[in-house]
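The following paragraphs lead the reader through selected parts of a chain. The discussion moves from a strand and its partners to a single loop residue.

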Amino acid sequence: MTNFFLSLLTAVARRSKANFVKKTHHTIAVQEQFLNSVLLAHQDTEWGRKYGLKEIKTIDQFRERMPILPYSSYEPYTERIAKGETNILTADPVVYLTLTSGSTGKKKLIPTTRRSQNSFRKATLTSIGFLSEALSRQKLQFGKLLVTNSVQAWGRTSSGIEYGPSSAGTLRMDKSIYKQFFAHPYETLQAGDSLARHYLCLLFALREPGMRGMIANFPMLILRTANYLELYAEDLIRDVEKGTIAPWLELEPEIRVRLEKQWSASPNQAAQLRSILKSEGHLTPKLAWPEMSSITTARGGTSDFYFERFPAYFKDTPIFGGAYSSAEGMFGIYPDVNQDASILAIESSFFEFIPEDQWEVEHPKTRLATEVKVGERYRILITNYGGFYRYDIGDVVEVLGFYETAPLIVFRYRRGGFISSTTEKTTEFHVTQVMQALQQEFSLPLEDFCITLSENDFPARYLASIEVASGYKLENPQAMLESFDRKLQEVNTHYEISRRDTIPPPRLRILSPGSFATLRQRQLSKGIPDSQLKFPHISEDRNFLGGLEVEQEIILSDLA
């Protein structure tokens, strides 16, 4: 019965994909229709009356009347929604409030209605349709997925609206659909403890012959799951063999009881896994599930840095971007595996693009989806059923091409997310390109890295802090530091110019093992959900790495 539902949903997904492809031939018409639908739906809300949505008949009128606004302009309204006021930003009732992670800024409350959730669901199914067909072309099979996101809501507002992480809300509202794709029971995702949840998902997936893929918001989280499999291999195999669930897990009693009823011993499977562990010396996802066909996680931004470590765990398993989205909206749908560009999600939001030469203009002129140019970067604006209008999320995207008449976009970095010793504005995209190249040049996998500025120099110097992956050693740190400086000048012309004169030479700091695990725990202790943790690779906070042990600091001569 489960296989039947999975096949049925896959067929629905392929049909959704086919319909979406047809609409990419008519991007502007689809976008205009979507905008008119949103304006009609929300014209009698408080926001709609304030800005006269009822009188707006064209895209140009909309751009003239509606200002471009950041989240701070919406915050007083979302706070009123949380208290139970209705018909504020949306005519539809708000059924969930997403509390964003706050890992790249202040936490935000994002309203979700059934209609806005329908847009997300439709785009997600479309992406599954693309993935299913992409795998078929490679003679690979789409199947059950290993998912580790928590489904726990964090609570209810005074008015009774549930709030919590975006993924939890999505999985809770569409539980009946998404659980058909899981390689483990839905109850495994109800565990409050992160380690217990990951362990349970791995345990049940080891017994699922149809397990074909892993999915997580970010590549770092995929690597963490792979690390858990390696670290707890003996315990997992023992539980598979004996039909037990490790007693040391911090697991709610009622969840343990429900899962134990669904669990039984599999000595043959355990023997096979133990044989792999003995012969290979470790257990990786590709060894445990040799028929794994895909990994779904975020592409673009800093992802390439983490992808350097994927082959050790997954060999050449295709990597699929799924959908490029945030709590505020859906931005792109990936048409194929192993590519960074996603198709603009033209059925999910109305989009505008601010070109670079307009970023500092008080009232910037925007371009529509078909007016953007390949190779150029834009700030992206969204208008959608969630109650956001010309909303500036701060994402900077690059246009890599077109899919029919819809642009292919890739996330590069968050606007405002940069460091400057003088005026050079080095972004995460810059430093990620450099660190990815350094890993390749020195054949040295890094656990992670972060670039900060020194406290006592003026102008400040760059401090490149790295943690080398377990089992590896950097033999020539001086050469790496010299290469870091050289490559950063190559990718950021403004850094190159300033380095000739004002910016002092950078320094390389090699941190002790476990340093970035400590940093991530600090982030989690602030209340950031582990499934939404976005670790910053640049930080303006000069004490961000404070308290971590520096094993070695390498100095580049001030004459360099």
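In this predicted model, strand β19 presents its side chains in two directions: Tyr462, Ala464, Ile466 and Val468 point one way, Leu463, Ser465 and Glu467 point the other way, and all are buried. In a regular strand, side chains alternate between the two faces of the sheet. Strand β19 covers residues 462-468, and because seven of its seven residues are buried, the strand is largely enclosed by the rest of the structure. The cut-off behind this reasoning is a relative accessible area under 20%.

The pairing of β19 may be considered next. Strand β18, residues 446-453, is antiparallel to β19 and is joined to it by seven bridges. Within this pairing, Leu446 is found opposite Val468 of β19. Strand β20, residues 507-511, runs parallel to β19, and four bridges connect the two. Here Leu463 is placed opposite Arg507 of β20. Val468 and Leu463, which take part in these two pairings, belong to the two opposite-pointing sets of β19 side chains.

Attention now turns to a loop residue. Glu376 lies in the loop that links β12 (350-355) to β13 (377-383). Its relative accessible area is 32%, so Glu376 is classed as partly exposed; that class lies between the limits of 20% and 50%. When neighbours within four places in sequence are set aside, Glu376 has contacts with Arg367, Val397, Glu398 and Val399. For one of these residues, Glu398, a separation is available: its C-alpha atom is 5.7 Å from that of Glu376, although the two are 22 residues apart along the chain.

Notes. Residues numbered from 1 in each chain as written. Predicted model: local features only at pLDDT ≥ 70, side-chain atom pairs only at ≥ 80, totals over all residues. Heavy atoms only, no water. Buried < 20%, exposed > 50% of the residue type's maximum accessible area, 1.4 Å probe, protein only. Contact = heavy atoms within 4.5 Å. Pairing = 2+ DSSP bridges.
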